[in-house]
Structures are given as structure tokens and as C-alpha cells.
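Q: I'm new to this structure and would love a close look at a single part of it. Could you pick one place to start, and then walk me outward from there step by step?

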Amino acid sequence: MVAREQFQVELSKLRGDIISLAHETEKLLEKSLEALYNQDIDMANDIISYDTKLDQKELKINEDAILLIARQQPVATDLRRLIIALRISSDLERMGDNAKNIAKSTIHLGEEHGLTIHPALTDMKNIALKMVDLSIKAFEYEDITLARKLSELDDLVDSMYGEIIREMLEETATNPQKIQHIMQMAFSARYIERFADHTTNIGESILYLVKGETLNLNE
Amino acid sequence: MMASTITIEPQTNKNKKREIDKQKDTILEIKDLSIFYGDNQAVKHATFDIDEHAITALIGPSGCGKSTFLRGINRMNDLIPIARNEGQIIYEDINLLDKNINTIALRKEIGMVFQKPNPFPKSVYNNITHALKFYGKRKKKQLDEVVEESLRKAALWDEVKDRLHESAFSLSGGQQQRLCIARTLAMKPNVLLLDEPSSALDPISNAKIEELILQLKEDYSIIIVTHNMQQASRISDKTAFFLNGSVIEYDETEKIFTNPAHGKTEDYISGRFG
């Protein structure tokens, strides 16, 4: 007999809410890059206002998790499930902020900046999205093998970021009048890199859930 | 020098902690203990050491053998004709299950408090002095001292010092339970066995009993059976999880309640069965 059925039902609802929040952050990053490449200021504004909805969803997940802790007084793995729900929703909210920051850079760049947005940003974004997928699957199935893979992908994103920054530094030397615009592009690369970092935090939370100890995937 | 102080300090703390760990001696060695009621084996081959000056919690679903185990330690099961033991419980180099043990003396050393407060139908004062008189202590001054000392240790003195000659039944449930603890302490035991001592009490009385148990740890080794998981996790140093008569897991309480090694322990403490 499975006892505490109500608790299990509420836990799985919470899990569902987190997964859907993750999919929304994915979409937001996708759209923020689209707006950046297309110099679409309207879209960038939409992204900024959509991010506040994600903030509210994060708050709701936090409230639900805290209520479950208070009412059900979970221990061991059940307690860790709720602790990581709090952590992961906070990571997802920060990921949404990074997408929003790319939209802000798009607005700063304006419609007439005359720069080609570095194509490697798309590659970085694609890997970052793959990392969200991985981290959410790892969360859904409580699978630490998937969680560990995030570490390798994060190294890849870090090295791509390093390469882009080097190229942009050279660009500022040849095009000093464009420095403001190049900076915004470099910031955007940084936001994608931070976005990817948060997925490794999610991976760390899964490891904590399963192993009961804290491990670092982002070294 | 600032720098050296900073580096040395944590190390010293670590060493201190380790010294404290080392000081935890064993008060009871349970060796392959089995307890039977007729053909029914209630405790199956339990083997573990119980620490001195620590609180050990015994948890598990009803009928798992934890209370039988607890009563086995001070031979209360002897009162049940069909009960018999195998194995050993070593206390100060003596096997408590030895046929020749003086069980009256044993129960003085290893006292017990039960689930429901069971004061004698006597005054508060006489509840504590009853057994002392049986052992020949009759001088009033001496008895007065023990009554005050025991009631103080049981955190009850301030509440009853003006009511010592009233009936024990006039006390609240929580006070009665603390009186039963005081009565046990009057015999100057080394080990206290507590069988769900606060399960019949309201939350405030429960909190007082828990605080009391934590204080008593300084002077006594305490073994407590509890159905209240939060209580076990709050007050005990080590926890043994019993299931169907076997000790499934025995470890630091912190470990048991955060990351137990055994799936069945996890299921039980998480409330999935029991």
C-alpha cells in the first residue's frame, strides 16, 4: 500500500510545474536570440514583460514547496526533493533573467547598429538549450548519469565564450568607434554562458537529491 | 599574528570534536540478541553497541520488536512466562541475561518509564520515597534531599514544591510523567529506558519532556522508543530502525533522517508504511 498518496500527488504536481517553467525559459532564450539577430525591438520588449510572468511562476513554486514542507514534514529524499524544487526554480528564474538581459542588449544595440551578430552565439545558444533539456530530463527521471553530462557541455560553452570574447577584443581594436555595440554583443555571450551555468546547478541539485551530498559540476 | 590564528583555529576545533567523539564509550553491548514469546521470535539476532551518555532512539512500526527489545534490557520480559532470550546484553562486563542476575538490583541500575504516566496512588513525596524506604532509607533529612534532587533533575521541583503531600493524581499528565521520571532517578540509575514517554501528552508537556531528556543525557545513558519521527530526529544521537524483529539500520540519527542507507528505513521515516 502506498501511504501519503496526497503528498505524492502534490509532489508530482510541483515537479510538473518546474518542468513547464523550464520549457518556458528555453523558449525565452530562443526568442531572445531571434530578437538579437533580427534587431527586433518589439520582440525584445515582449520578452522583458514575459520574464515577469516567469518570476511569478517561480514564486508560486516556492510557496507550494514551502507549504508542502510545513504540512507534510518530509525527511530524507522527500525533503531533498522539496529543497531542490526551491533551488531549481530559482535557477530557472535566473535563466529567464539572462534571456531578458539579452533582450535588453538588443534594445541598447538599437535597429541601426550595422554590426553582424557573431554566428557563434547561435551555436552557444543551441548547446545551452540542449543543456536545459538534459537537466530537465535528469530532474524528471532523477537520473545522475544525465546530470553528469552537463559538466562536459558546460566546458564547451565556456571555451566558446572565451573564443568569442577574444575575437571581440580584436574587433574593438580595429573598430574603436563601435565599442559600445561590441560590448553589448559580448554581454549577450556572457548571458548565454551564465544561462548554461545555471543548468549545471540543476544537475548538481539532482546529484544532491540522489546521493545526499553536494557535488560541483561547474569547475 | 592574525594569519596564524586563523589557520590554527579551525584545526583546534576539529581536534576537540574528535576527542569528544572518542569519549563516547559503550554502555551496553547487544550481542546476537533474540527474544521469543513461545514460538514467535519478536527480536531477531540484534547486534549493536549503545553509547554512554547519549540518547539512542528505537523506531519502527507497531509490532516490530522495539518495545520487547527495550524491556529485554532490564529483564521486564521475565514477568511474561512464555518469554525467553538468546544472546547477550553486556553491561559493565556482566551479561544481563544471565540466569543468576538479581533483577531487582538490575532495575535499579537500569530504570524504566512507560508510555502512560503510572504514579503510585500516594502523595508526590511518597511516590519518590516508596522504593527508597523499601531499600531501608528512612531518615527524613536524607529522604527530603533525594526528593528535592530527583524532582529538580526531572524539572518538576518548581511546579510541585508546595504540593509535595498532595496526591500524585492531582498533577497534570505531563507532570505525572515527569514525576515517574523523578521516581526512577531517585534510584540513581545509570541507564534510563523510556517507552514512548511523551506519546500520551500534549505538545507543551511533550516539549518539556524532550528538553528534560536532553538535560538528563549529561548524567545518564538513555534509550527511548518513540513513534514520533520528529522527536527521534530532534533529540537522539543514534537511531536504530526495527522491522519484523530485525535491526534494519543503526546509525547516527543525522544520517538516518537525512540519507539512510536502507530503502526500508527511508520508506518508514518518510511515512510510506508503518
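**A sheet in chain B and what surrounds it**

A: In this predicted model, B:Ile90 has B:Asn95 of strand β5(B) standing opposite it. Let's start from that pair. The strands behind it are β4 of chain B, which covers residues 83–91, and β5(B); they pair in the antiparallel sense over two bridges. Between these two strands is a hairpin with two residues in between, where B:Glu92 takes a positive phi near 45°.

Now step back to see where this hairpin belongs. Chain B has an open sheet of four strands in the order β2-β1-β4-β5, and the pairing is antiparallel. Its edge strands are β2 (40–51) and β5 (94–95) of chain B, each of which pairs on one side only. So our starting residue B:Asn95 belongs to a strand at the edge of the sheet, because β5(B) pairs on one side only.

From β4(B), you can also move the other way, to β1(B). These two strands run antiparallel and are joined by seven bridges. If you would like one pair to find on screen, look for B:Lys31, whose bridge partner in β4(B) is B:Gln88. A general point helps when you look at side chains here: in a regular strand they alternate between the two faces of the sheet.

A helix accompanies the sheet as well. Helix α2 of chain B, residues 66–73, lies across β1 (26–37), β2 and β4 of the chain. Its direction makes an angle of about 120° with β1(B).

Further along chain B, some charged side chains are worth a visit. B:Glu159 and B:Lys208 meet in a salt bridge, at 4.0 Å from N to O. B:Glu159 lies in helix α6 (residues 157–160) of chain B and B:Lys208 in helix α8 (residues 203–216) of chain B, so this pair ties together parts that are 49 residues apart in sequence. Both ends are partly exposed, with a relative accessible area of 30% for B:Glu159 and 36% for B:Lys208.

Another salt bridge joins B:Lys161 to B:Asp158, with the closest N and O atoms 3.8 Å apart. Here B:Lys161 counts as partly exposed at 39% relative accessibility, whereas B:Asp158 is exposed at 58%. That residue is called exposed because its value is over 50%.

B:Arg163 forms a salt bridge with B:Glu166, and their closest N and O atoms are 3.4 Å apart. B:Arg163 is partly exposed at 24%, and B:Glu166 is partly exposed at 36%.

To place these pairs in context, a search of the whole structure finds 28 salt bridges over all chains. One network of salt bridges links A:Arg15, A:Asp78, A:Arg81, A:Glu142 and B:Arg272.

Conventions: Residues numbered from 1 in each chain as written. Chains lettered and ligands numbered in written order. Predicted model: local features only at pLDDT ≥ 70, side-chain atom pairs only at ≥ 80, totals over all residues. Heavy atoms only, no water. Contact = heavy atoms within 4.5 Å. Axes fitted to C-alpha atoms, helices over the stretch in contact; angles between N-to-C directions. Buried < 20%, exposed > 50% of the residue type's maximum accessible area, 1.4 Å probe, protein only.
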